Amino acid sequence: MSHGNEQIFNPAERVAKISHCSSMEQYKQMYDKSLKDPEAFWGDIAKNFHFEQNVTGKFMDYNFDISKGKIFIRWMEGAKTNICYNCLDRHVLAGKGDQVAFYWEGNDPADAEVVTYGELLKEVCRVANVLKAKGVAKGDRVAIYMPMIKELVVAMLAVARIGAVHSIVFGGYSADSLADRMLDAQASVLITADAVWRGAKLIALKEIADDALKVCQAKNVKVKMSLVVQHMKNVTAPQASSNGTANGNPSKKTHFDDKVGWNSGLDVWWHEAVKDVSSDCPPEWMDTEDPLFMLYTSGSTGKPKGVLHTVGGYMLYAATTFKYTFDYHPDDVYFCTADIGWITGHTYVTYGPMLNNATSVLFEGVPTYPHIGRFWEIIKKYKVSKFYTAPTAIRALMKFGDEPVKKYDISSLSVLGSVGEPINPEAWMWYYQIVGDSNVSIADTFWQTETGGHVITPLPGATPTKPGSACFPFFGVEVALLDDEGKEVKGEGEGYLVFRRPWPGIMRTVYGNHERFETTYFKKFPGFYCTGDGARRDKDGYIWVTGRIDDMLNVSGHLLSTAQVESALVEHPAVAESAVVARPHAVKGECLYCYVTLAEGNDFTEKLIVELRNKVRTKIGAFATPDYMQLAPGLPKTRSGKIMRRVLRKVAVGDRDFGDISTLADPSIVEVLFQHRPKEGKV
Ligand code: PRX
């Protein structure tokens with residue numbers, strides 16, 4: 001990305017005027033306090049929440065230095081709380097039970113629903129009681145594989161209420177991916193739905209979940225129940241079916257029950273299960289360091305890591321980042337477009353907003369269905385004031401020009417957030433000028449599944465922003481840049497982006513594999529948490545995250561490891577070896593460019609290419625479908641056998657400037673690879 005545009009944009013005045021943090025002086029003062037006296041800083045914040053028991057031990061304790069022993073992070077030792085209680089009961093008891101928690105907006109604009117905090121509390125208690133009756137207890141893992149419907153929020157909060165651990169798997173993952181995650185977590189219950197329309201496409205969730213359950217069964221992992229939401233009968237089928245013919249009746253509900261396979265020993269309809277169940281369920285009081293959820297993220301070995309977050313610190317951090325980054329006020333309507341299946345949805349669709357008693361839009365659909373103005377139409381409909389989306393969505397919508405945005409009165413917007421990947425200055429400017437009418441504050445929020453919440457971000461009432469920079473650390477976060485030797489780069493410069501101490505929301509371990517946690521994040525630079533990203537600090541101290549410096553790539557804001565895709569490809573019998581690299585992509589940010597070396601006797605046919613793409617879709621999910629597939633008669637390897645990926649990245653973009661290749665065992669392979677490049681636009 002370019003760093004050319006260093007124009008500074010001051011906070012929108014209407015935001016600054018009422019902001020929780022309305023100047024850089026205030027930010028600096030709060031930031032300094034958060035580092036000098038974390039106990040006082042976070043202790044004050046904790047007073048806004050319900051703790052059944054207060055801290056009895058150290059407020060914060062940790063070791064970040066692997067050379068001194070085991071890595072650990074603990075916040076608020078001895079305190080007891082429940083995050084579900086703080087998201088629901090606390091507000092209902094304060095008389096806010098009738099307040100809208102979510103405006104649910106379906107895939108089809110004809111489908112919409114409103115749900116209040118009071119209604120959610122009752123439904124959460126019912127589902128919590130259903131889980132308890134099935135024997136789900138504190139510490140048990142519950143897998144969730146659902147569309148963006150209110151039952152997903154209910155499910156996660158019900159699990160949290162009884163002290164179990166939710167493991168949500170994004171509804172775009174394949175059966176194999178769901179099974180891998182359920183096996184790793186040893187999940188005893190699965191919560192899913194019959195199916196969902198995503199745009200004009202039908203995703204048969206239960207069918208996929210059933211395939212995953214078969215894998216679990218074959219591996220002797222006992223799943224006690226598959227709780228199924230009957231969703232399809234309540235929603236409108238797409239106006240044009242997937243074969244492109246209009247069905248002529250937009251209000252038609254989808255009849256789907258007859259298509260759902262049923263396993264009577266295992267499957268339970270949600271609506272039947274909750275029917276005669278009490279809407280009262282006392283929360284389980286949890287130690288602050290008890291697990292709250294795990295969420296899998298890609299790992300460079302190809303095996304996903306179960307990132308584990310705990311109750312107390314995550315709660316404080318989700319709530320506080322939401323309040324300050326979006327400068328949330330009670331009359332706001334907030335809309336985060338992320339799926340709850342990703343960390344952004346966990347923290348900024350469910351927990352952050354609900355802990356703040358916010359009113360949000362929960363959107364089931366996609367930005368371009370049934371038309372390309374869907375986001376703007378929703379913003380107008382609910383008078384959304386705070387909006388949070390990903391650069392890939394901004395770039396995709398930018399392509400259609402300004403007119404689809406201008407058609408709607410979206411002047412209610414005052415803060416626009418961005419997340420998931422570096423935002424290029426062009427997209428930033430379009431977001432600011434066209435979506436925000438140059439009268440908003442933009443928050444480019446840098447964070448990770450592992451960090452639990454924003455760690456580098458502007459504050460919309462305080463920070464003068466530069467397009468493409470995530471600006472400054474959030475409260476409690478101490479940033480450092482290190483060079484290859486681990487020496488700190490002070491002032492202007494570039495290096496590995498690391499953090500010197502824990503903030504409350506940082507992950508605590510990799511589920512079932514603490515050693516992997518230590519190795520992945522703490523081994524390279526003892527004393528620091530290593531993000532895996534590179535960053536530059538400019539002369540004014542602004543942080544510019546430049547992207548991953550490991551074998552991860554970021555497709556439409558979703559992290560994938562090259563190893564994960566390679567292992568899917570080599571499962572095909574025709575493939576002897578494969579190497580996958582990232583190639584820049586105008587909308588997705590990055591896309592997958594795959595090199596495959598074929599086993600003797602195979603031809604690189606169109607049919608094989610289709611099979612290989614499908615292989616990746618079934619092993620991982622449709623969002624990981626490769627954009628480019630190239631035949632590689634050989635791969636560029638050093639004499640010790642290591643693939644020189646930078647050469648592959650150059651070939652992928654047609655750039656012959658690949659630097660020193662003298663260490664390659666066979667330098668002539670580079671020219672051969674060039675000759676096999678697929679034609680542009682052809683996979
Ligand atoms: O490379 C960074 C990029 O996304 C990675 C984290 O991905 P994930 O755990 O899936 O979480 C995404 C949502 C928080 C980071 O290591 N990334 C995320 N936000 C930004 C970003 N890169 C640059 N700027 C951002 N604002």
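**Ligand and helix α11**

Q: What lies 3.4 Å from an oxygen atom of the ligand at asparagine 554?
A: A polar side-chain atom of asparagine 554 lies at that distance, and a polar contact is a pair of N or O atoms within 3.5 Å. This is a predicted model, in which local features need pLDDT of at least 70, side-chain atom pairs count only at pLDDT 80 or more, and totals for chains, interfaces and linings use all residues. Residues are numbered from 1 along each chain as its sequence is written, and side-chain values use heavy atoms, without hydrogens and water.

Q: And which ligand atom does aspartate 444 approach at 2.8 Å?
A: A polar side-chain atom of aspartate 444 lies 2.8 Å from a nitrogen atom of the ligand.

Q: How much of the ligand does the protein bury?
A: The protein buries 95% of the 540 Å² that the ligand exposes when taken alone, with areas from the Shrake-Rupley method and a 1.4 Å probe.

Q: How many residues surround the ligand?
A: There are 18, each with a heavy atom within 4 Å of the ligand. The closest are Asp444, Thr445, Thr449, Asp533 and Arg548.

Q: Changing topic, is helix α11 buried or exposed?
A: Of its 15 residues, 14 are buried (under 20% relative accessible area, 1.4 Å probe, protein chains only), so α11 is largely enclosed by the rest of the structure. Helices here are DSSP runs (H or I, at least four residues).

Q: What span should residues 311-325 have?
A: The expected span is 21 Å, which is 1.5 Å times one less than the number of residues. The end C-alpha atoms of α11 are 21 Å apart, which agrees.

Methods
A polar contact is a pair of N or O atoms within 3.5 Å; within protein, one must be able to donate a hydrogen and the other to accept it, and residues adjacent in sequence count only if both atoms are side-chain atoms. Helices (H or I, at least four residues) and strands (E, at least two) are DSSP runs, numbered from the N terminus. Buried means under 20% relative accessible area, exposed over 50%, partly exposed in between (1.4 Å probe, protein chains only).
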